[in-house]
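Hi,

Here is the structure I said I would pass on. Have a look at it first, and my notes on what turned up follow underneath.

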Amino acid sequence: MKKYILDLKVKSVEPMAGKYVLLRLTHDQPLPEMLPGQFVEVRVDGSPATFLRRPISINNVSEADNELWLLVAAIGDGTRTLARLQPGDTLNCVLPLGNGFTMPERPDGQYLFVGGGVGVAPLLYLGIRMRRAGITPTFLLGARTDKDLLMLDHFQAVGRVLVTTEDGSQGERGFVTNHSVLGTERFDRIYTCGPKPMMMAVARYARHTDTDCEVSLENMMACGLGACLCCVEGTTDGNICVCKEGPVLNIKKLLWPL
């Protein structure tokens with residue numbers, strides 16, 4: 001897909017749970033096509049400690065409102081600067097980058113999306129696109145506490161939502177891989193994004209149940225174009241740059257110990 005460098009206008013900055021904010025960005029021209037699972041590299045102006053662009057997953061693209069949504073976790077100098085943006089500010093973005101999730105061929109299939117933390121971000125856009133195709137996905141979302149759960153209302157508008165929290169404050173107690181649905185239902189494919197230990201646990205479950213599974217990797221990225229070699233991952237096809245040949249990969253290609 002063709003890549004663009006655009007100055008996007010901040011339409012709104014919506015505080016979310018904890019350290020998260022939702023940026024809604026727009027442009028005076030129609031936004032280019034973007035696929036679920038792709039990401040953008042944003043330039044962080046006003047942060048002397050931030051020299052490189054920051055990769056952020058595409059949370060949603062609204063064609064009707066000409067909006068791009070980015071869910072940002074304000075955990076470092078760069079992302080805290082992004083969280084302080086105001087409506088009317090400009091954010092320079094390179095987009096769309098990487099390869100996205102595989103859309104299912106069977107509209108009557110059962111599809112499970114597993115997310116944790118800011119890893120839930122790319123799953124919303126994927127769910128919205130699936131719903132347009134007549135598929136109702138199942139979301140399994142995990143967090144430490146109920147205060148750390150993100151965008152539940154948006155996910156509930158798209159499909160069935162199941163929740164786990166480590167302290168049991170909402171949904172089932174434990175990790176996502178402890179949820180009872182994994183023992184009572186079978187799925188045609190699993191999509192997952194979040195902390196690597198969580199994704200590895202999900203991939204292990206998928207391998208043991210012979211379920212097709214795609215993961216969205218969150219390796220350290222700098223350029224987003226495959227030039228700097230920061231995000232190299234070992235696969236059955238050799239080393240690849242996640243930013244260029246991922247971030248979405250089928251677990252069959254990964255060398256994870258499952």
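The second largest pocket comes to a volume of about 400 Å³. Its lining is made up of 18 residues, and Gly117, Gly142, Ala143, Glu166 and Pro195 are the ones nearest the centre. Two elements, strand E9 (138–143) and H5, each give two or more residues to that lining. H5 is the top contributor there, with three residues. Sorted by class, the lining of this second largest pocket has eight nonpolar, six polar and four charged residues. Do keep in mind while you look around that this is a predicted model.

Now for the largest pocket, which holds about 890 Å³ of space. It is lined by 40 residues, and closest to its centre are Pro55, Ile56, Ile75, Val118 and Glu218. Which elements supply at least two residues each to this lining? They are strand E4 (54–57), strand E6 (67–73), helix H1 (77–83) and helix H5 (196–208). E4 gives the most, with four residues. The class split for the largest pocket is 21 nonpolar, 12 polar and seven charged residues. H5 is worth colouring in your viewer, since it turns up in the lining of the largest pocket and in that of the second largest one.

On to the enclosed spaces. There are two cavities of 30 Å³ or more. The largest cavity has about 50 Å³ of space, and the residues around it are Gly117, Val120, Leu141, Gly142, Ala143, Asp148, Leu149, Leu150 and Leu152. E9 provides the largest share of that lining, three residues. By class, the largest cavity is lined by six nonpolar, two polar and one charged residues. Gly117, Gly142 and Ala143 are among the residues lining this cavity, and they are also among those nearest the centre of the second largest pocket.

The second largest cavity holds about 30 Å³. Its lining consists of Val114, Leu140, Val176, Thr177, Leu182, Val202 and Tyr205. How many of these are charged? The lining has no charged residues, with six nonpolar and one polar.

Next, the fold around these spaces. The chain has six helices and 16 strands. One open sheet is built from seven strands, in the order E11-E10-E9-E8-E12-E13-E16, with mixed pairing. At its edges are strand E11 (172–173) and strand E16 (248–250), each of which pairs on one side only. Within this sheet, strand E8 (residues 111–116) and strand E12 (residues 189–193) run parallel and are joined by five bridges. Leucine 112 has isoleucine 190 in E12 as its bridge partner.

Two helices to look at against this mixed sheet are H2 and H5. Helix H2 (residues 121–132) packs on the sheet and touches E8, E9 and E12, its direction making about 160° with that of E8. H5 lies across E8, E12 and strand E13 (212–216), and runs at about 170° to E12.

There is another open sheet of seven strands, ordered E4-E3-E7-E1-E2-E6-E5, and here the pairing is antiparallel. Why is one side of E4 and of E5 left without a neighbour in the sheet? E4 and strand E5 (60–62) stand at the edges with a single partner strand each, so one side of each has no neighbour there. On average, neighbouring strands of this antiparallel sheet are turned by 40° against each other, direction ignored. Strand E1 (residues 4–15) and strand E2 (residues 20–26) run antiparallel and are joined by six bridges. Proline 15 stands opposite valine 21 in E2.

H2 comes up again here: this helix lies across E4, E5 and E6, running at about 50° to E5. So if you follow H2 along, you should find contacts with E8, E9 and E12 of the mixed sheet as well as its place across those strands of the antiparallel one.

Last, the overall dimensions, in case you are setting up a box. The C-alpha atoms fill roughly 50 × 40 × 35 Å along the principal axes. The radius of gyration is 18 Å, which agrees with the value near 18 Å for a compact globule of 258 residues.

Cheers

Key. Residues are numbered from 1 along each chain as its sequence is written. This is a predicted model: local features need pLDDT of at least 70, side-chain atom pairs count only at pLDDT 80 or more; totals for chains, interfaces and linings use all residues. Side-chain values use heavy atoms; hydrogens and water are left out. On a 1 Å grid over the protein atoms alone, a cavity is a set of points where a 1.4 Å probe fits but cannot get out, and a pocket is an open set with protein on both sides within 12 Å along at least five of seven lines; lining residues have an atom within 4 Å of a point. Grid points are joined across faces, edges and corners, and a volume is the space filled by probe spheres set on the points. Ala, Val, Leu, Ile, Met, Phe, Trp, Tyr, Cys and Pro count as nonpolar, Asp, Glu, Lys and Arg as charged, and the others, Gly among them, as polar. Two strands pair if DSSP finds at least two bridges between them. Contact means heavy atoms within 4.5 Å. Axes are lines fitted to C-alpha atoms, for helices over the stretch in contact, and angles run from 0 to 180 degrees between N-to-C directions. The radius of gyration is taken over C-alpha atoms; the globule rule is 2.2 Å times the number of residues to the power 0.38.
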